[in-house]
Each structure stands twice: as C-alpha cells, then as structure tokens.
Amino acid sequence: MARTARHDAIHALVDVKQGLISRELFVNEELYQQEQERLFAHCWLFVGHESQIPKPGDYFVSAMGEESVILTRDREQRIHVFLNTCRHRGMKVCRYDEGNTPVFTCPYHGWSYGTDGRLVGVPYYRECYQEQLDKAEWGLVEVPQLVNYKGTIWATWDEAAPPFAEYLGGMKVHLDTLLDCRDGREGGSEVLGGVQKWVMPCNWKFAAENFAGDAYHNISHRSVDLAGIGPSGAGRRDTVERSTAQRLGASFPDLGHGAVSFLQLDDVPYTPSYQNTPIVEEYFRHCYEERKRRLGKDARLLGLVGNVFPNTAYLARQPRSIAVWHPRGALKTEAWRWFLVDADAPPEVKDVLRHYYLRYSGPAGMTEQDDMENWNYATLASKGVIARRYPYNYQMGLGQDYGTYDSPGVLTDRIAEQNQRGFYERWAAYMDGARTDPRNGGRNDGRATRKGARPGAHRPESRGKPPDADGRSRSGG
Amino acid sequence: MSVINLRHLQPGTKIGLADGSTVEVVSNPLDGIWVFARYLSSPRDTSLIGTEEMIFAQDIVEIR
C-alpha cells in the first residue's frame with residue numbers, strides 16, 4: 001500500500017481532531033499484525049529491572065511485543081537482551097522464567113550459547129561441520145540498542161531509533177517520580193518479590209490508554225474505596241497527598257506518552273498515610289522531608305500514573321509498580337506487573353508495602369480487577385459487525401488549553417482525554433509510516449532498521465557497551 | 001551400553017569419549033546436553049591435553 005493510501009486508511013480510524021477512535025483498533029486482527037511490524041519493532045520497550053539479574057549468569061525471560069527475549073548479565077557484568085530463539089531451527093534456548101546459567105542450550109539439536117550471546121557449542125562440530133561453520137556469525141540475535149535507565153532496562157529492535165532520552169522527552173520528569181528513591185536520591189529501586197503475570201481477553205491498547213491518564217474512570221473503583229484498602233488499612237485506595245495538590249495531566253502527542261501527576265502549589269507538610277504501622281509511617285515522613293530538602297521546588301511534583309508509549313505503564317507512588325501490556329492477539333493481552341521499592345528501605349517497610357501492593361494490583365488486586373472487567377467487556381461488546389460501526393468518544397476537554405504550569409507537554413489541570421488523544425495520534429504516526437519514513441525526517445525507516453536482526457549480524461565481541469539514556473556508551477551493569 | 005545422565009556428572013568425574021579420549025569434568029551447566037571438561041588424554045590429537053572444551057552428551061561413552 002502506498003504511504004498516502006495507508007495514511008488515509010489509518011486516519012479514517014483515528015480522528016484526534018474530532019476525538020473519535022474506531023473500534024477496529026481494538027478488535028481487528030489485521031491492524032494487530034501491522035502493529036507488530038510498524039510499532040513494536042521500532043519502539044523502545046521495557047524489558048526488566050537490573051535487580052532481577054544481579055549476578056553474572058542471571059537471566060530473566062521477558063518479551064518485546066510478541067517476541068520472547070532473554071535479559072541476562074554475562075561474565076563481564078554486561079547486560080544483554082537476546083531474542084530467545086536458536087539460530088539453527090528456532091527452538092527457544094531458554095524455557096524457564098528466570099535463573100542462573102553459564103550457557104543457554106537449545107534442547108532440539110544442542111546448539112549452545114554463552115551469556116554474552118556467542119555460539120559456543122555445536123554438536124559434531126568437527127565430524128559433521130568439518131569445523132567450517134563460522135560460530136561468530138551464528139550467535140543469538142541481540143537488540144541493537146539497550147539502555148539501563150535508573151535500574152530499568154529498555155531495548156529496541158530499531159538500530160535507527162532515537163536515543164532513549166530523546167524518545168522519553170518531557171515524560172522523564174514523570175517517570176522519575178516512579179524510579180527515584182522516595183527521599184529524592186536518583187534511582188535506587190529494586191523489584192519487590194516476583195513478577196505477576198496474567199492474561200486478559202482484551203486488546204493491549206485498552207490498558208495502555210487507561211494508564212496514559214484516564215482519570216475519568218474513578219467511579220469504577222468506588223467500591224474499592226468504600227472497602228478501604230489504603231496503605232493505612234482504611235480510606236482511599238492510594239495515598240492522600242493528592243488531596244492537597246493540583247492535578248497535572250501531561251500529554252506528549254509527538255511521543256505518545258501520557259501521565260497524570262500532582263503538583264503541590266504550597267509548602268505542604270507530610271500527610272500521614274501509614275498510621276497503623278509506626279515504623280513505616282516514620283520512614284515515609286523522613287523520606288518526604290528529605291526529598292523536599294534535596295529537590296527543592298521540584299519536590300512538589302508527585303507522580304501518580306503514566307504510560308510510556310506504547311505499552312509500559314506505571315503507578316509512581318502507591319502501589320509503586322511497572323506494568324507491561326504484552327500484545328498476544330487483537331483480543332488478548334498478557335499483563336506483567338513489577339512492584340518496586342527502594343532497595344535500602346527497612347524490611348518492615350518492604351513487608352507492609354508488599355501486602356498493600358497485592359491488595360491493590362495484579363490479578364488478585366481489587367483495583368486491577370475493576371480495570372480488567374471494563375477492558376474485557378468493552379472488547380467483547382465491540383467485536384460485532386454492528387458495534388464496530390460506532391467509534392469511541394474521546395472528546396473530553398477537546399479544544400481546551402490549560403497550559404499554565406512550568407512543566408513539559410500539553411497540560412491540563414482537570415480531568416480530560418487529551419492524553420488518550422495524544423496516545424492515538426502517535427499510534428497513527430507509527431502505523432501510517434509518518435514516524436518511520438525518512439522523507440518525513442524520521443530516523444526509523446523500517447528498511448534501514450533490520451541490520452541488528454539480520455542473520456549473521458551478531459558480533460558481540462565488537463558490539464561495545466550499550467549507550468545510556470543520553471546515547472553515550474556505558475556499561476549495562 | 002546404558003545412557004549416561006549428564007546431570008549426575010560432578011566436577012572431577014573422569015569420562016571416556018567416543019574417540020578414545022579421557023576428560024575430567026570441570027563444571028556442569030546441568031542442561032543435560034553439555035559438560036565443560038579438561039582433556040587428560042587424546043589419541044586423536046595430543047595437543048588437546050590440558051585444554052578445556054564443551055563435551056556433547058552423545059560423545060560421552062563411559063564414566064571412568
């Protein structure tokens with residue numbers, strides 16, 4: 001399809017100016033397949049956390065779009081992300097969720113790879129290959145770009161994708177409210193417990209756009225607030241500092257990210273949230289004061305929720321976590337949720353948070369169950385040929401401008417659907433080729449981005465260290 | 001000849017290979033397919049003696 005025709009086809013489905021999005025985006029298998037090539041093969045995707053692979057040989061099997069990948073740390077402490085498929089016949093070389101190993105061995109014919117991706121073992125190498133097989137050409141396929149951003153590992157299959165910091169843009173300040181220590185120090189988080197994984201019968205974009213900042217659906221969680229699952233064991237499901245702050249919806253339509261944070265307008269004292277557990281209450285009071293001291297006026301920004309385009313969502317404060325909405329079909333999503341905590345938090349704090357996080361999130365979490373009900377039944381009710389004729393409405397706040405705060409992005413101080421419109425504006429740009437066409441100034445021409453994945457391209461010994469978020473070479477360790 | 005379960009081979013175990021070589025297990029990744037081993041003897045190539053190699057399960061014929 002010529003790009004102009006593709007553009008017209010996509011924008012017939014996504015009309016952000018009118019605030020109308022076709023239901024086809026949520027049920028159409030052909031669009032879903034196109035997303036894999038045009039979007040997931042180009043975007044920066046969250047893979048895992050460095051605390052999941054602290055030692056050489058540690059690995060965590062993750063996913064990038066539909067692709068199974070291995071996040072691992074080699075003997076030299078370098079972090080890698082490899083496609084989890086043998087170069088010989090494609091069998092998975094790692095079938096466990098996580099662990100430690102000196103080699104990834106394919107169970108089919110026995111090809112074996114080091115944790116640096118090199119092909120190190122080939123059965124009958126002398127007898128049947130006559131030592132003619134060039135092992136250096138047949139290592140595991142490795143992502144061409146990888147970054148360790150404050151402990152979180154992100155990767156892209158697109159060699160020409162912009163550096164992660166550029167990809168993140170103004171979303172950084174919001175994402176940092178998740179990743180930085182509660183007392184304002186940079187980074188310092190670790191994964192608390194295991195990764196929760198579950199499957200939902202809905203399209204991945206329902207979850208992504210919800211976490212991009214759907215503040216309109218609070219009514220869905222009213223029963224949770226009535227039950228009182230807050231950190232103190234009562235009251236609203238999350239922390240209460242937000243009641244003394246200004247809502248700050250931030251959309252980045254040229255990047256696709258969206259966030260809702262809160263901005264304290266005055267010098268607000270700490271708001272007690274863990275009254276039932278004095279040690280935890282004292283810890284968070286201390287962190288709150290320290291953060292104000294370290295960050296000054298920047299400490300006024302309190303993160304709530306956000307989605308890094310396309311499918312990495314977070315809850316910045318309570319329950320502090322990252323979720324990835326893995327696409328598994330037009331009507332199926334595999335959700336993974338990582339819970340974070342400051343690595344040096346006292347054990348009592350981690351234990352209380354673990355219980356609170358589980359009350360709130362994950363397949364058994366009361367709030368996440370509410371969300372899934374909505375997404376699952378919306379999907380079911382959108383499949384029919386009649387239902388598909390009627391687009392969804394994204395018109396809340398359309399045409400209004402609230403940009404009065406000193407913060408990047410398109411901002412609102414009230415509930416609006418600008419973040420969702422921004423998400424789909426970016427989605428359309430990827431899908432119609434505008435994002436990836438070099439004639440449009442894009443750096444992501446799909447024809448030029450396959451190098452990292454082409455057969456024989458993998459040469460780990462010459463690859464050097466992965467860049468950091470600013471594009472500089474750095475150690476992944 | 002019984003099939004040898006590689007997962008039971010501990011470091012230090014001496015094993016015989018199909019080409020007549022004898023190697024000593026250095027480490028075992030427990031994948032059931034390979035072990036890391038050092039050559040103690042090799043009628044095929046004496047330069048291998050002392051070197052370490054990954055040994056494929058089907059090349060192992062006996063425990064010595």
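## Chain B on its own

Two residues count as in contact when heavy atoms lie within 4.5 Å of each other. With that in hand, let us look at chain B of this predicted model. Among its contacts between residues at least 6 apart in sequence, 35% join residues at least 24 apart.

The secondary structure of chain B comes to five strands and zero helices, which gives the pattern β-β-β-β-β when read along the sequence. The chain has 64 residues, and buried ones make up 41% of them.

## Where chain B meets chain A

Now to the interface. On the chain B side, 13 residues are in contact with 15 residues of chain A. The two chains bury about 960 Å² between them, and 61% of that area is on carbon and sulfur atoms.

The count of salt bridges between chain B and chain A is one. Its partners are Glu53(B) and Arg126(A), with the closest N and O atoms 2.4 Å apart. The count of residue pairs in polar contact across the two chains, both at pLDDT 80 or more, is four. On the side of chain B that touches chain A, the elements that give two or more residues are strand E3 (34-41) and strand E4 (52-56) of chain B. Sorted by class, that side has eight nonpolar, four charged and one polar residue.

## A covered strand in chain A

Which strand of chain A is mostly covered, with eight of its eight residues buried? That is E17(A), residues 301-308. E17(A) pairs with strand E16 (residues 257-263) of chain A in the antiparallel sense, over six bridges. Within this pairing, Ser261(A) has Gly303(A) of E17(A) as its bridge partner.

E17(A) is also joined to strand E18 (residues 312-315) of chain A, again running antiparallel, by four bridges. Here Asn307(A) is matched with Ala313(A) of E18(A) as its bridge partner. E17(A) and E18(A) form a hairpin, with three residues between the strands.

## Helix H6 and its surroundings

Helix H6 of chain A spans residues 204-211, and it is largely enclosed by the rest of the structure because eight of its eight residues are buried. The buried residues of H6(A) include Trp204(A), Phe206(A) and Phe211(A), and also the charged-type side chains Lys205(A) and Glu209(A).

Both ends of the helix are worth a look. Asn203(A) caps the N-terminal end of H6(A), where a side-chain oxygen lies 2.9 Å from the backbone nitrogen of Lys205(A). Just after H6(A), Gly213(A) takes a positive phi of about 130 degrees.

One residue of H6(A) leads us to another helix. Ala378(A) lies in helix H10 (residues 366-380) of chain A. Leaving aside neighbours within four places in sequence, Ala378(A) is in contact with Phe206(A) and Tyr392(A). Ala378(A) and Phe206(A) are 172 residues apart along the chain, yet their C-alpha atoms are separated by 8.8 Å. Ala378(A) is partly exposed, with a relative accessible area of 24%, whereas Phe206(A) is among the buried residues of H6(A).

## Salt bridges in chain A

Over all chains, the structure holds 28 salt bridges. Side chains of opposite charge can pair when their charged atoms come close. One of the pairs is Arg78(A) with Asp74(A), whose closest N and O atoms are 3.0 Å apart. Buried or exposed, where does Asp74(A) fall? Asp74(A) has a relative accessible area of 1%, so it is buried, while Arg78(A) is partly exposed at 26%.

Another salt bridge joins Asp97(A) and Lys197(A), with the closest N and O atoms 3.9 Å apart. This pair links distant parts of the chain, 100 residues apart: Asp97(A) sits in the loop between strand E6 (79-83) and strand E7 (98-100) of chain A, and Lys197(A) in strand E14 (residues 196-200) of chain A. Lys197(A) counts as partly exposed because its relative accessibility is 29%.

Asp183(A) and Arg185(A) also form a salt bridge, the closest N and O atoms being 3.0 Å apart. Asp183(A) counts as buried at 8% relative accessibility, and Arg185(A) counts as partly exposed at 29%. Salt bridges that share partners join both residues into one network with Glu290(A), Arg293(A), Arg294(A) and Asp344(A).

Technical notes. Residues are numbered from 1 along each chain as its sequence is written. Chains are lettered from A and ligands numbered from 1 in the order in which they are written. This is a predicted model: local features need pLDDT of at least 70, side-chain atom pairs count only at pLDDT 80 or more; totals for chains, interfaces and linings use all residues. Side-chain values use heavy atoms; hydrogens and water are left out. Buried area is the accessible area (1.4 Å probe) that two parts lose on being put together, summed over both. A salt bridge is a side-chain nitrogen of Lys or Arg within 4 Å of a carboxyl oxygen of Asp or Glu. A polar contact is a pair of N or O atoms within 3.5 Å; within protein, one must be able to donate a hydrogen and the other to accept it, and residues adjacent in sequence count only if both atoms are side-chain atoms. Buried means under 20% relative accessible area, exposed over 50%, partly exposed in between (1.4 Å probe, protein chains only). Two strands pair if DSSP finds at least two bridges between them.
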